[in-house]
Amino acid sequence: MSGARRRALRTVSSLGFWVFMTLLTLIPIWWMFVVSMRSRVELFSRPNLAISRLFLENYSNVLTDSTFQRYMTNSVVVSSCNAALVMALALLATYALSRYKLVGRDNIFFWLITNRMAPPAAFLLPLFIMFTRSFRIGNWTLFDTQLGLILLYCVFNLPFAIWLLKGVVDGIPIELDDAAMIDGAGLGGVLRHVVIPLAAPGLAVTGILSWVFAWNEYLFAANLTSVEARTITTGLAEFVTVTGTNWGELAAMSMITLIPSAIIVIVAQRYIVMGLTFGAVKE
Amino acid sequence: MGEYISQMRNPRTGWLLLSPTLIILIIFGFMPFLYVLVVGFFDWNVFAAEDGMRFNGLGNYRRLVFDDLFLLSVGLTIRFAVFAIVSEVVFGFLLAQMLTRNFPGKSIFRIIHTFPLMIAPIAVGAIWRLLVIPGFGPVPFVLDRWFDFTYQIGTYPDQALATSVIMDVWHWTPFVTLTMLAGLSAIPREPVEQAKVDGANRLQVFWYVTLPFLRPVLLTTVFIRIMDAIRTVDEVWMLAGGGPGTRFTGIYIWRVTSPGASADWGYGSSISLITLYLTIVLCWLLFIAISGRRKGEVE
């Protein structure tokens, strides 16, 4: 009898604790949502957490703004192309690292992670010089192009993708490769009919996480683009100006930026840890 | 047929498969490193009267040692990292411990708790800026009304630093929770039961059984968190705009090297290189610490 009561008490206390934690997590985001639903005048009255009326002007202003639309398109294009590129290159690289006896294989592997760990701020200057001066064909430079960002984001996405996929590809028995080869498949055939189908879940996770990391990136985008290739995160920072900030629209745009993150957390929750720890910690 | 297979396993094919990755990483990862290495020894100011690079030896580095702003930024970054990571590890461990129990709705709570992890850092900065902004933010309002406490991150460096730490804790504790949970679930039951039978209390079980099992995961987590904390730029910039108390090294480098703000490229390179060097040394020390302890365990 008392055992059942104790168990019930424990459940209730756990529930209470986690409701509290959930509030701590959600209230900041909720406040941003509240701000996004208010006009300039309403904002500066006494703060409260309730939404009194449906005010969508901030959202409609942001969504119909052509500059914002361009930023949004750029972000989608850059993230998607980068994710696709990273998936393709990482698959080839992990297959090479997993199946071939390459000289210095472990060193290459270690070098990969250092690319991810380097502080991006330290590379801004050389990258800016490279983008504006070194990669130049006539009048065209890599500066302020989607292509530049797509290639550059590989620097932090490829290492993580390779670390994640290495375990997946290592887990595919090499006998399956051999069997396919005996049946006359070439390298392309082995990849298409053996490796890709078996590594598909891992590949999907890699793609999804690469997409988010590229979508979230700010520092490189802010410094290596100016007008044409600006992304949504740089757009967010541009709202804060010396002359005054439209907080409502800033909040609305941030809410739009959050949407992919929310979807990914629900879809790929189990793999986030693996992705963030380079597969060092598995669930 | 065996010959055919060994032909397929020719290392040259392997290098061919690896080459696109290597080329991209060498161009965009390794070349910038060489660039700062070389340019750091030159005096190169684009807006100076005479354009071009002049060799300057260690001049930039001499200047760096006496650059109070740089030294201040390093100190701030270290304080920020220590406060944030210690809190995250403690909270993360406790939360993970809570998640090992079973209660209704656990998976939903877990998903919500994970949510901040995937939010763009710049948006995290925006969220917290809206919370603390003077005028309509609820935090200054509540602190002033209920506790008679003047809260203004633009004026008080300590408040700005504390707010950055709290923001980082909000953003990254879920990461520690998830890794700790993975670590805790991997601990076998027998040693824990055995220790209990032998009369160990909860603290002893934690110290002598749980912690040693958890050590690899704990160290990996701390390692990754340190790397990320010392490169923090976006969210803190968005929160405080580089105000007092939040000029971390990353932000300082960004402001010095950013093409619009200053054209002192030689000096900017030397700062970048020193920061890279400090990061590498830290990485290496941590790596030694992790592998050294592992070795100790084996013996």
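**View 1. Where H4(A) meets H8(A) in the predicted model.** On the H4(A) side, the residues that meet H8(A) are A:Asn82, A:Leu85, A:Val86, A:Leu89, A:Ala90, A:Leu91, A:Ala93, A:Thr94, A:Tyr95, A:Leu97 and A:Ser98, and their partners in H8(A) are A:Cys154, A:Asn157, A:Leu158, A:Ala161, A:Ile162, A:Leu165, A:Lys166, A:Val169 and A:Asp170. Sorted by class, this contact holds 14 nonpolar, four polar and two charged residues. Everything shown here and below comes from a predicted model. Helix H4 covers residues 66-99 of chain A, and its axis sits 8 Å from that of H8(A), at an angle of about 50°. That angle makes H4(A) oblique to H8(A). As for handedness, H4(A) and H8(A) cross in a right-handed way.

**View 2. Another partner for H8(A): helix H5(A).** Here we stay with H8 (residues 154-170 of chain A) and bring in H5 (residues 105-117 of chain A); their axes come within 8 Å and cross at roughly 135°. H5(A) and H8(A) are therefore oblique to each other. Which hand does the crossing of H5(A) and H8(A) have? It is left-handed. H5(A) brings A:Leu112, A:Ile113, A:Asn115 and A:Arg116 to the meeting, while H8(A) brings A:Val155, A:Phe156, A:Pro159, A:Phe160, A:Ile162 and A:Trp163. The class count for this contact is eight nonpolar, one polar and one charged. Look out for A:Ile162, which turns up in the contact with H5(A) and also in the contact with H4(A).

**View 3. A:Gly235 and its surroundings.** A:Gly235 belongs to helix H12 of chain A, residues 232-238. Is this glycine buried or exposed? With 24 other C-beta atoms within 10 Å, A:Gly235 is buried, because 20 or more are enough to count as such. Skip the neighbours within four places in sequence and the contacts of A:Gly235 are A:Phe68, A:Tyr71, A:Arg230 and A:Met253. A handy pair to display is A:Gly235 and A:Met72: they lie 163 residues apart along the chain, yet 9.0 Å separate their C-alpha atoms.

**View 4. A:Asp144, a residue with positive phi.** Most residues other than glycine have a negative phi. A:Asp144 goes the other way, with a positive phi of about 60°. To find A:Asp144, go to the loop between strand S2 (140-141) and helix H7 (146-152) of chain A. A:Asp144 has 16 other C-beta atoms within 10 Å, so it is partly exposed.

**View 5. The two domains of chain A.** Domain 1 takes in residues 1-55 of chain A, and domain 2 residues 63-276. Their centres, taken over C-alpha atoms, are 34 Å apart. The contact draws eight residues from domain 1 and six residues from domain 2. On the domain 1 side, the elements giving two or more residues are helix H1 (2-36) and helix H2 (40-43). H1(A) supplies the largest share of that side, four residues. By class, the domain 1 side splits into four nonpolar, two polar and two charged residues.

**View 6. Chain A against chain B.** How many residues of each chain take part in this contact? There are 81 residues of chain A in contact with 76 residues of chain B. Helix H13 (residues 247-276) of chain A gives the largest share of the chain A side, 15 residues. The chain A side comprises 63 nonpolar, 13 polar and five charged residues.

**View 7. B:Ile230, with a contact across the chains.** B:Ile230 lies in helix H10 of chain B, residues 202-230. Having 21 other C-beta atoms within 10 Å, B:Ile230 is buried. Beyond its neighbours within four places in sequence, B:Ile230 touches A:Pro119 from chain A, plus B:Thr77, B:Ala81, B:Thr249 and B:Thr279. For a pair that is separated in sequence, try B:Ile230 and B:Val82, which are 148 residues apart along the chain with C-alpha atoms separated by 10.0 Å.

**View 8. Helix H12(B) in its chain.** Chain B has 13 helices and two strands, and buried residues make up 39% of its 299 residues. H12(B) (residues 249-257) is largely enclosed by the rest of the structure, because eight of its nine residues are buried. The buried ones are B:Thr249, B:Gly250, B:Ile251, B:Tyr252, B:Ile253, B:Trp254, B:Val256 and B:Thr257. B:Thr249 is also one of the contacts of B:Ile230. For chain B overall, 69% of the contacts between residues at least 6 apart in sequence join residues at least 24 apart.

Notes. Residues are numbered from 1 along each chain as its sequence is written. Chains are lettered from A and ligands numbered from 1 in the order in which they are written. This is a predicted model: local features need pLDDT of at least 70, side-chain atom pairs count only at pLDDT 80 or more; totals for chains, interfaces and linings use all residues. Axes are lines fitted to C-alpha atoms, for helices over the stretch in contact, and angles run from 0 to 180 degrees between N-to-C directions. Angles under 35 degrees count as roughly parallel, over 145 as roughly antiparallel, 65 to 115 as roughly perpendicular and the rest as oblique. A crossing is left-handed if the near helix is turned anticlockwise from the far one by less than a right angle, and right-handed if clockwise. Two residues are in contact if their C-beta atoms, placed from the backbone, lie within 7 Å. Ala, Val, Leu, Ile, Met, Phe, Trp, Tyr, Cys and Pro count as nonpolar, Asp, Glu, Lys and Arg as charged, and the others, Gly among them, as polar. A residue is buried if 20 or more other C-beta atoms lie within 10 Å of its own, exposed if 12 or fewer, and partly exposed in between; C-beta atoms are placed from the backbone. Domain bounds come from an automatic or database domain assignment.
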